[in-house]
Each structure stands twice: as structure tokens, then as C-alpha cells.
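Please read the report below alongside the sequence and the three-dimensional model.

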Protein chains: 2
Amino acid sequence: MHASVTSPELLARLSSALDHDGVITDADVLPGYERDMMPLAPYGTPLAVVLPRTTAQVQAVVRACAEHGVPIVPRGAGSGLSGAANAIAGCVVLVTTRMNAILEIDPDNRLAVVEPGVINLDLRAAVEQHGLFYPPDPSSYDWCTLGGNLSTNAGGLCCVKYGVTTDSVLGLRVVLADGEVLDTGRRTVKGVAGYDLTKLFVGSEGTLGVITRATLALRPLPQAPGTLVAAFDTAAAAGDAVTRVVRAGIIPSLMEIMDATAIAAVEAHLKTELGAGRGSAALLICQSDTGGDAAVGELSAIERICQDAGATLAHTTFDLAEGALLLTARRAVLTALETYGAWLTDDVCVPRTKITDLIAGCERISAEVGLRVAVVGHAGDGNMHPTIVYDPASADEFARAERAFADILDLGLRLGGTITGEHGVGKIKREWLAREIGPVGLRVHRAVKAALDPGNLFNPGSMFDLG
Amino acid sequence: MHASVTSPELLARLSSALDHDGVITDADVLPGYERDMMPLAPYGTPLAVVLPRTTAQVQAVVRACAEHGVPIVPRGAGSGLSGAANAIAGCVVLVTTRMNAILEIDPDNRLAVVEPGVINLDLRAAVEQHGLFYPPDPSSYDWCTLGGNLSTNAGGLCCVKYGVTTDSVLGLRVVLADGEVLDTGRRTVKGVAGYDLTKLFVGSEGTLGVITRATLALRPLPQAPGTLVAAFDTAAAAGDAVTRVVRAGIIPSLMEIMDATAIAAVEAHLKTELGAGRGSAALLICQSDTGGDAAVGELSAIERICQDAGATLAHTTFDLAEGALLLTARRAVLTALETYGAWLTDDVCVPRTKITDLIAGCERISAEVGLRVAVVGHAGDGNMHPTIVYDPASADEFARAERAFADILDLGLRLGGTITGEHGVGKIKREWLAREIGPVGLRVHRAVKAALDPGNLFNPGSMFDLG
């Protein structure tokens with residue numbers, strides 16, 4: 001990069017392209033765009049932050065940066081947990097939050113067309129007015145943007161029944177590295193014309209282009225959920241219950257697990273007992289959104305399974321407020337852990353039969369590093385978020401937290417899992433990605449990147465390096 | 001290609017790699033591997049047909065052909081409808097039917113690991129023994145292979161509820177153009193480590209590599225289905241019923257439509273009245289596999305909607321034999337049309353609100369070309385198969401059939417649809433793909449192809465040309 005030479009000219013060009021109000025270079029403001037929510041990820045100070053309002057403005061930014069050899073880091077709200085949106089020194093951070101229009105909701109074809117800056121919750125609320133449902137619900141759903149969700153292939157609590165973001169995407173508009181606009185996919189439910197470029201861009205973490213529009217598939221709004229909570233004396237018993245539910249062919253709409261550390265933190269934070277009694281080693285929270293007798297049937301079958309697996313308590317409610325309270329407790333885990341220190345959350349996904357092994361392994365790792373590790377996660381699909389708590393003022397604790405973070409990834413791989421179920425690789429798991437996909441996989445990644453972004457303009461060095 | 005020079009050496013090498021029983025060069029046998037089920041597609045005589053048994057043998061074939069500059073056309077059972085597996089003159093056809101082992105069924109993690117030559121129905125039957133379900137069910141499910149299903153991203157009758165093949169794939173093993181083995185994806189339900197190469201290879205129609213293994217996601221076996229049949233005086237009324245069902249938020253497990261021409265052909269062929277009475281303009285067949293009260297509720301809601309939309313008959317049955325008979329009638333359409341001549345089936349997918357327009361357009365095209373066009377299709381997802389009947393002995397009728405085929409694609413695109421919902425592009429819709437995806441889309445396709453197959457070894461000229 002030759003920022004000292006190119007920056008005045010580049011900045012003038014960006015400013016002109018963005019109507020003189022879409023470029024930030026104020027040194028007091030830039031730090032707000034330097035990093036996401038992942039404390040481990042490196043970041044630098046950008047040359048500028050740009051906030052385009054249209055696809056044409058994104059094209060202008062891309063062309064200007066390409067000509068000046070200045071890299072672009074695309075960014076949504078910054079809720080990410082892998083540093084994928086973290087700035088590189090001297091880059092331009094391209095923030096899509098001003099492109100926040102819901103362009104269309106088509107109830108008869110059950111789809112929506114959105115800009116990337118729309119907040120997940122805003123789309124959910126808008127389509128609900130039409131009796132429709134947009135499933136992906138990452139924990140940050142009340143402030144994360146759909147553009148970020150698309151770029152990371154975000155998941156959430158819905159995935160056990162409704163899949164991840166890629167399962168709800170019909171098509172994309174993407175600005176490519178040469179500034180051209182690519183439209184992928186279609187508005188129909190099915191379609192196999194050509195390579196599935198839509199799903200190639202979803203989850204590509206801003207390394208292949210800038211998504212400026214998406215056509216999303218919607219589902220009918222599910223029924224009001226019934227909720228079950230079950231407490232267990234051992235994590236193994238809870239894991240056993242999960243396996244039995246899968247084996248019984250039941251697909252709940254939500255199936256979350258919290259270990260003893262997570263339960264204790266939430267109980268202290270919310271000053272409640274979660275109906276589980278002190279000393280529980282694990283809690284399962286399940287929902288059914290099928291409604292009527294079907295929901296009663298599903299939840300009573302799960303309740304029986306939990307009891308058979310040794311639950312000390314299993315309670316089902318169709319009271320919406322009570323159900324919502326349990327979900328609030330589940331969603332409060334990370335905040336609750338802040339009582340003890342800073343948190344560093346991991347994101348392994350293991351075969352569902354291996355949840356018990358993962359929790360046991362995390363207990364061992366916690367003892368080895370001498371730090372709290374709370375396990376919370378999406379038990380229904382094996383996607384677990386062991387969360388390490390450390391004192392941010394202690395370099396030693398931070399180093400031990402980093403070690404635990406790595407040990408958990410290693411454990412996840414050894415259990416036949418993946419290093420990331422929904423958060424992504426970003427700037428913290430590059431070496432782990434290389435390990436998971438191997439040298440041939442890495443070579444193919446590099447070839448695809450070089451084919452679509454030969455100048456390495458977009459998010460260089462994130463996800464993997466060019467070797 | 002320099003087949004005259006290279007072929008003896010190449011054939012010797014292939015023969016040695018395939019244990020001397022896996023290479024066919026017999027001029028009487030080769031024609032059986034020259035083409036699939038699509039009469040419009042060009043084909044040539046291959047240099048040889050190879051039938052490897054292992055990934056290592058596929059690697060040996062790929063390396064030998066790459067060194068000799070002889071293209072490879074991968075092929076399954078040959079049930080395709082786009083000519084994607086049709087031989088190119090002088091190529092090696094790589095047939096995967098001998099790699100037909102179901103390597104693993106893991107009921108606790110609801111997945112199966114298979115070789116590409118496994119017949120779709122064989123996997124369905126095998127997993128059913130474990131109470132599990134592999135949804136994709138293309139019409140040829142009793143003889144097509146999973147490798148072909150993966151390469152075309154096949155659909156079927158299940159898609160309205162369970163999606164297409166890509167929605168059931170967790171990971172692949174692929175032999176690349178340089179003979180290296182790439183493993184994509186994972187065994188976990190979720191995972192976002194790196195680009196979604198799995199879904200890039202699914203539907204790539206043999207142009208990027210040879211799939212030699214797949215890890216497939218399974219679902220719990222659904223309940224025995226209830227079946228509804230409804231007859232309408234006009235296709236518009238049936239289309240209206242489909243729109244209303246979608247709008248009501250009902251997701252049947254199957255929702256098929258047949259127009260007057262299809263109904264008449266099947267009634268004549270099966271010597272039955274389909275319970276619809278003579279002269280019906282359209283028939284809807286729906287199923288619910290949710291079981292119990294939920295199925296009764298779904299089907300009675302659909303029955304009410306059909307009546308509101310003007311159905312002349314609407315009949316629901318939970319008798320499995322009666323339901324199966326209706327499905328048999330639906331599946332018999334193409335065979336029934338053979339009474340009148342040869343058939344040429346199209347595969348457009350339109351927004352579900354446009355089904356009526358598509359049927360009306362097909363009636364107009366039928367009148368224009370003076371040939372029978374029967375419309376049958378997956379109404380629940382808008383994927384329609386207008387099927388043109390012509391006299392194979394008449395060059396004039398064949399030319400008119402070709403014209404109707406193209407007019408239907410044009411109509412599908414003008415209705416906001418796609419040129420292929422599930423059959424693929426192959427060697428018959430290359431120009432149409434270019435039109436649907438535009439010059440930028442075509443350029444990206446070429447870049448991806450060049451990145452993964454720089455020597456244009458795999459299925460050259462299929463799907464798109466290199467420009």
C-alpha cells in the first residue's frame with residue numbers, strides 16, 4: 001500500500017462518489033469501525049470508512065480502491081465474532097448500514113428483497129406483518145445486519161429445524177472486484193441454471209465481493225411455541241437426552257443446552273433459579289412451534305426422553321411469557337458471564353453424539369488453564385459455544401484464554417467436528433481452517449479467490465492467506 | 001484431440017489402471033454410453049468408456065486423460081434430461097455405476113456416506129430400515145444414481161417441503177482435474193469453515209471434477225401420507241388454488257399439477273378415470289406426511305381452498321393404496337404420452353403465482369406449432385415440465401417440437417422464472433444459460449471453471465463454452 005501518495009487523491013474521489021457525506025476519516029471516529037466483537041482478532045487503522053447508499057456508489061468505491069491498490073474490508077454492524085470485518089491498516093472499510101431498505105415483500109411467492117444494511121430483527125418484524133417468517137436468528141439478531149449474516153452464513157437458535165442463512169437465500173447482487181455487478185440466483189423456489197454462485201458468496205466473509213442486495217426465501221409464520229426445560233445432574237445425561245431425541249426422529253424448533261457454569265452465571269445475573277434448582281450440571285431448553293396436538297405430542301415425547309435419560313426436572317409450558325423468560329435466560333449467558341470478566345466465545349460444531357464428550361473436554365480444559373469455561377450452545381445441531389472467561393487486565397489470563405480457545409478447537413476437530421459452526425473463520429482461525437480443509441482444500445480456496453478477486457482487493461489475509 | 005496417436009498408449013494405461021476389466025472400447029457397446037434421455041442433445045462416439053471401482057482408479061483415469069489431452073465426460077445411469085452426460089467425440093466416458101456401495105448409515109447423527117453409483121431408490125430403502133428418509137426423489141428414482149443426482153442437483157416431487165439435492169448434502173469427495181482428491185464439507189449439521197465448495201460442486205454437471213463419495217443428511221421418516229386429488233374446469237382455477245395454498249402458509253409434502261392433455265393421456269394409458277371425471281382441465285394432487293390430526297388439518301384446509309377456487313371435485317383419502325394409485329398416475333404421464341409419439345420434456349421453474357400464465361402460454365404454443373403439449377409439474381414450487389409430443393419419424397415435427405421447446409423457455413424467463421428447475425443445462429441450454437445469467441454471470445462461470453479445471457478436461461463445452 002502507498003497510502004501516503006494515493007490517499008489524498010483516493011479520498012477526494014471517494015468523497016465525490018459518496019455525495020461528500022459518506023466518507024469518514026476523523027481519527028476520533030475511525031476506531032469505532034476498526035473491529036468487531038472478537039477480542040482475539042488483530043486489527044489496524046483504516047485510511048477511511050465509507051458508507052455508500054447505492055450499488056452504484058459501491059461500484060465507484062470498488063473501482064477507486066482497485067485503481068489505487070487500497071484493500072476494502074466490507075462491514076455490517078460489527079457484531080461478528082471472528083474479526084472478519086476488522087480493519088487492515090490503511091484499508092477502506094466499506095460499511096453497508098446505510099443501504100437498509102426492505103425493497104419488497106412478496107407474500108404470494110414468500111420472498112423478500114432487501115439491502116444488506118437491514119437489521120435482522122427489522123426484517124423479521126416486517127415479514128411477520130404478512131404472516132411470514134425469516135428463520136435465521138443469530139444471538140445478535142436485534143442489531144446485526146443481513147449483509148453480515150449473509151457474509152458469515154449466520155445461524156442461530158432456529159437452525160435445528162430451519163437451517164442456516166444459506167438455506168434462506170434465493171439470489172444475490174454482488175459488486176465484483178472489477179466493479180461489475182453480478183446477479184446470482186433467482187426469484188423461484190427451485191433453479192439449477194449454472195453453478196450455485198449464490199451459495200459460494202454466502203459465507204465468503206467479504207473476500208469475494210460486496211453484497212448489495214439479497215432475495216430471501218420466507219416461510220409461513222410458525223405457531224406460538226411451547227417450551228420445555230429439563231435439568232440434569234450430569235452433562236452426560238443431557239447429552240444422552242439430545243442423542244435420544246435425534247434418534248427418535250423429533251425435530252424441535254429449538255434445542256439449547258447450558259452447562260453448570262452457564263446456569264450459575266445466568267442465575268446470579270438474573271437473580272432467578274431458572275426452575276432448575278441449584279446445582280444442576282446441565283439444562284436443556286426445547287421448543288416446538290408446530291402448534292396444537294402436534295406440539296403437545298412433540299414436547300411430551302421429549303419430556304419422556306429427558307426423564308428416561310435421568311432428568312431431575314422436566315417441565316413443559318405453553319405459557320408464552322414463561323417460555324420467553326427461559327429463552328431470555330439462554331440468550332443472557334454471555335452478558336451474565338461479564339460479571340466474572342471478559343469473555344471469549346468459541347464456536348465448534350460436533351456430531352450430535354459427541355456433545356457430552358465436548359462438554360467433558362471443556363471441563364478438563366477449564367481445569368488445565370485455570371479459567372471458567374461455560375458451555376452453551378445449540379444442542380440440536382451440535383453447534384456449541386464454549387465461552388472462556390478471563391480478566392482483561394491480566395496478560396497472563398488472556399494468554400491462558402487463548403490457549404483454552406485453541407484447545408477447544410483442537411478438541412472439536414478430534415471429535416469429528418468443525419472449527420466453526422456459524423461464526424466464521426475471519427482473522428482468528430486462518431491456521432485452523434488450513435488444518436481442517438487440508439492442503440488441497442486450501443489450494444482450491446486460493447484458486448477460487450484468485451479467479452474472482454485476482455488483485456486480492458477484498459479483505460486480504462482474512463479466512464486464508466494466498467500462500 | 002489426437003486420438004489416433006495417443007489412444008493406444010492411453011487405452012493401455014487405462015486398462016492397466018482398471019484391472020483390465022473396466023475399459024470398454026467395443027463399438028457395439030459404446031453406443032449404450034453415448035447419450036442420456038434427452039433427444040435434443042448432440043453426442044459423439046467416445047474413445048472409450050471406463051468403469052472405475054475406487055477413488056484411486058478415478059484419479060488414475062483423470063491423470064492419464066489429462067496427460068493425453070483427452071476430455072472426460074462423467075456419467076451415472078444416463079437418466080439425465082439435458083445431455084450433460086452425453087459423450088463428446090473422442091472422449092473418455094467415466095461411468096460411476098460400479099462405485100455403488102453404501103459405506104455407512106449413522107442413525108444417531110442422521111447421515112449416510114455413499115459412493116456415487118448407488119441408485120437413489122436403494123439408498124431410500126436402506127435408510128428406511130433405520131426409520132430415516134432421504135428426500136430427493138427425481139422421477140427416475142428407481143434407476144438414477146446419486147452421483148447423477150448430485151451433479152445435476154436433482155429435485156423431484158419432495159421439493160416443495162424438503163428442497164433439492166443440495167439441501168441434503170453435507171460433504172463430498174471429488175477428484176480434481178490434476179488428479180488430487182478434495183474433501184469438502186463435513187459430517188456435522190452446521191459448519192461454515194471456508195467457502196461452500198460442497199454446494200459449488202453440486203449441480204456443476206461434471207464440469208469441475210468427479211464426485212466419488214458423498215456424505216448425505218437424512219431426515220426422520222415421515223408419517224404415511226394422506227392424499228388429496230382435486231379437479232378443475234380451468235387451469236386458471238387450479239393455479240389459483242396453488243397460490244391460495246402458498247398464501248395460507250400450508251406446506252404439503254407434495255403438490256403436483258396435470259393439465260388436460262396430461263390427464264387425458266394418463267386416463268387412456270391406465271384405462272382409468274383418476275376420479276376426476278372426463279373433461280377436467282387440470283388436476284391437483286397433494287399429500288401431507290405430517291400424520292395424525294395435523295395431516296387431517298392440512299388436507300382439509302387444502303380441500304376447502306380447492307373448493308373455494310372452484311374445484312369440480314375434491315377428494316381426500318388416507319387409504320395408502322388409493323394414494324399410491326394417484327401418484328402412479330402422476331408418474332405415468334411421460335410413459336402415457338408415448339402412446340401419441342416421442343416426447344420432449346422441458347423444465348422451467350416460475351414464481352408460484354405464474355403457473356396459470358405458464359399453462360395458458362403452453363396452450364398457445366401448442367396451437368402455434370400444431371403439436372400436443374402436456375403440462376405436468378411440481379406446482380408447489382412452480383417447477384413445471386411442459387412436454388411436447390411429436391412423431392420421431394417426421395423431421396418437420398421434430399423441428400416444430402424444438403421450436404416449442406425454445407418458446408417455452410422464453411416464456412418461462414419472461415414470467416420471471418428460470419430455464420431449468422431441476423434437469424440442468426447440459427448440452428441443450430447453453431445459449432439459454434448465457435441469456436439467463438448475462439455476460440457478467442457467464443464471465444464468473446468461466447473464471448470458476450478455469451480456476452478448477454484450467455485444461456478444460458471435464459465435460460468441455462457442456463453448460464457453457466469458454467468463450
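The report takes up the relation of the chains, two sheets, a helix, a buried glycine and several salt bridges.

This is a predicted model, in which local features need pLDDT of at least 70 and side-chain atom pairs count only at pLDDT 80 or more, whereas totals for chains, interfaces and linings use all residues. Residues are numbered from 1 along each chain as its sequence is written, chains are lettered from A and ligands numbered from 1 in the order in which they are written, and side-chain values use heavy atoms, with hydrogens and water left out.

**Relation of the chains**

Two copies of a chain are related by a rotation about an axis and a shift along it. Here chain B is superposed on chain A by a rotation of 180 degrees with 0.0 Å of shift along the axis, at an RMSD of 0.0 Å, where the fit is by least squares on the C-alpha atoms of residues with pLDDT of at least 70 in both copies. The two copies are thus related as by a two-fold rotation axis. The same surface serves both copies, since 100% of the contact residues of chain B recur in chain A; contact means heavy atoms within 4.5 Å.

**Two sheets**

Helices (H or I, at least four residues) and strands (E, at least two) are DSSP runs numbered from the N terminus, and two strands pair if DSSP finds at least two bridges between them. In chain B, five strands form an open sheet in the order S5-S6-S10-S8-S9, with antiparallel pairing. Its edge strands are S5 (102-106) and S9 of chain B, each of which pairs on one side only, and the twist averages 10 degrees from one strand to the next. Strand S5(B) runs antiparallel to strand S6 (residues 111-114) of chain B and is joined to it by four bridges; Ile105(B) stands opposite Ala112(B) in S6(B). Helix H2(B) packs on this sheet, touching S8, S9 and strand S10 (210-217) of chain B, and its direction makes about 50 degrees with that of S8(B); axes are lines fitted to C-alpha atoms, for helices over the stretch in contact, and angles run from 0 to 180 degrees between N-to-C directions.

In chain A, an open sheet of four strands has the order S1-S2-S4-S3, and its pairing is mixed. Strand S1 (23-24) and strand S3 (72-75) of chain A stand at the edges with a single partner strand each, so one side of each is left without a neighbour in the sheet. Two bridges join S1(A) to the antiparallel strand S2 (residues 48-50) of chain A, and Val23(A) stands opposite Val50(A) in S2(A). Helix H2 (residues 55-68) of chain A packs on the sheet, touching S2, S3 and strand S4 (92-95) of chain A, with its direction at about 170 degrees to that of S4(A).

**A helix and a buried glycine**

Helix H9 (residues 292-308) of chain B has 17 residues and reaches 25 Å from its first C-alpha to its last, close to the 24 Å expected at 1.5 Å a residue; the expected span is 1.5 Å times one less than the number of residues. Among its buried residues are Leu299(B), Ile302(B) and Ile305(B), where buried means under 20% relative accessible area, exposed over 50% and partly exposed in between (1.4 Å probe, protein chains only). The buried residues of H9(B) pack against strand S12 (226-232), helix H7 (235-247), strand S14 (282-288) and strand S15 (313-317) of chain B. Just after H9(B), Gly310(B) takes a positive phi of about 100 degrees.

Gly382(A) lies in the loop between strand S18 (373-378) and strand S19 (383-390) of chain A, and at 0% relative accessibility it counts as buried. Not counting residues up to four places away in sequence, Gly382(A) touches Val348(A), Cys349(A), Val350(A), Arg352(A) and Ile355(A).

**Salt bridges**

A search of the whole structure finds 49 salt bridges over all chains, a salt bridge being a side-chain nitrogen of Lys or Arg within 4 Å of a carboxyl oxygen of Asp or Glu.

| Salt bridge | Closest N to O |
|---|---|
| Arg244(A) and Asp240(A) | 3.1 Å |
| Glu180(B) and Arg63(B) | 3.7 Å |
| Arg446(B) and Asp465(B) | 3.1 Å |

Arg244(A) and Asp240(A) both lie in helix H7 (residues 235-247) of chain A, four residues apart, about one turn of the helix. Arg446(B) lies in helix H14 (residues 430-452) of chain B and Asp465(B) in the segment after H14, so this pair ties together parts that are 19 residues apart in sequence. Arg446(B) is partly exposed at 26% relative accessibility, as is Asp465(B) at 41%. Arg364(A), Glu368(A), Arg403(A) and Asp407(A) are linked in a network of salt bridges.
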